[in-house]
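Visitor: Could you take me through the salt bridges in this one, slowly and with the cut-offs spelled out? I'd also like to hear what sits around them.

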Amino acid sequence: MATYDFILSGVDAEMSLEGAASTDAEAWREAILFLSEMLREKPVREGGAFSLQIIVRNEGREICRVGASAH
């Protein structure tokens, strides 16, 4: 298992979380699930336009970026 940094931007202040995953693909899936959870949050749904992005890094190396937005 490796430790990954999940950096969320687009809601209030940028937030950084750590998570463990056995592969880069698993970390990507975790980012998708986390983004899905964020989209279910009531303030995001009722706030109108929004943009969310999660950057996944492992030891400084960017693994992926996933995002969602509505205008």
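Guide: Here's a walk through the charged pairs, then the loop next door and the strands. First the fine print: this is a predicted model, so local features need pLDDT of at least 70, side-chain atom pairs count only at pLDDT 80 or more, and totals for chains, interfaces and linings use all residues. Residues are numbered from 1 along each chain as its sequence is written, and side-chain values use heavy atoms, with hydrogens and water left out.

A salt bridge here is a side-chain nitrogen of Lys or Arg within 4 Å of a carboxyl oxygen of Asp or Glu. By that rule there are 3 salt bridges.

Let's start with Arg-61 and Asp-24, whose closest N and O atoms are 3.2 Å apart. Arg-61 belongs to strand β4 (residues 61-70) and Asp-24 to helix α1, so this pair ties together parts that are 37 residues apart in sequence. Helices (H or I, at least four residues) and strands (E, at least two) are DSSP runs, numbered from the N terminus. Arg-61 has a relative accessible area of 44% and Asp-24 has 28%. Both values count as partly exposed, the class between buried (under 20% relative accessible area) and exposed (over 50%), using a 1.4 Å probe and protein chains only.

Next come Glu-37 and Arg-40, which meet at 2.6 Å, N to O. These two both lie in helix α1, 3 residues apart, about one turn of the helix. Glu-37 is partly exposed at 45%.

The remaining pair is Arg-65 with Glu-62, where the closest N and O atoms are 2.8 Å apart. Arg-65 is partly exposed at 47% relative accessibility, and Glu-62 is partly exposed too, at 36%.

Now back to the start of the helix. Thr-23 lies in the loop between β2 (15-21) and α1 (24-40), and with 37% relative accessibility Thr-23 is partly exposed. Its C-alpha atom is 10.0 Å from that of Thr-3, 20 residues away along the chain.

That takes us to the strands. Two strands pair if DSSP finds at least two bridges between them. Strand β1 (residues 2-9) runs antiparallel to β2 over 7 bridges, with Tyr-4 opposite Gly-19 in β2. The β1-β2 hairpin has 5 residues between the strands, and Gly-10 takes a positive phi near 115° there. β1 also pairs with strand β3 (residues 50-58), again in the antiparallel sense, over 5 bridges. In that pairing, Phe-6 stands opposite Val-56 in β3.
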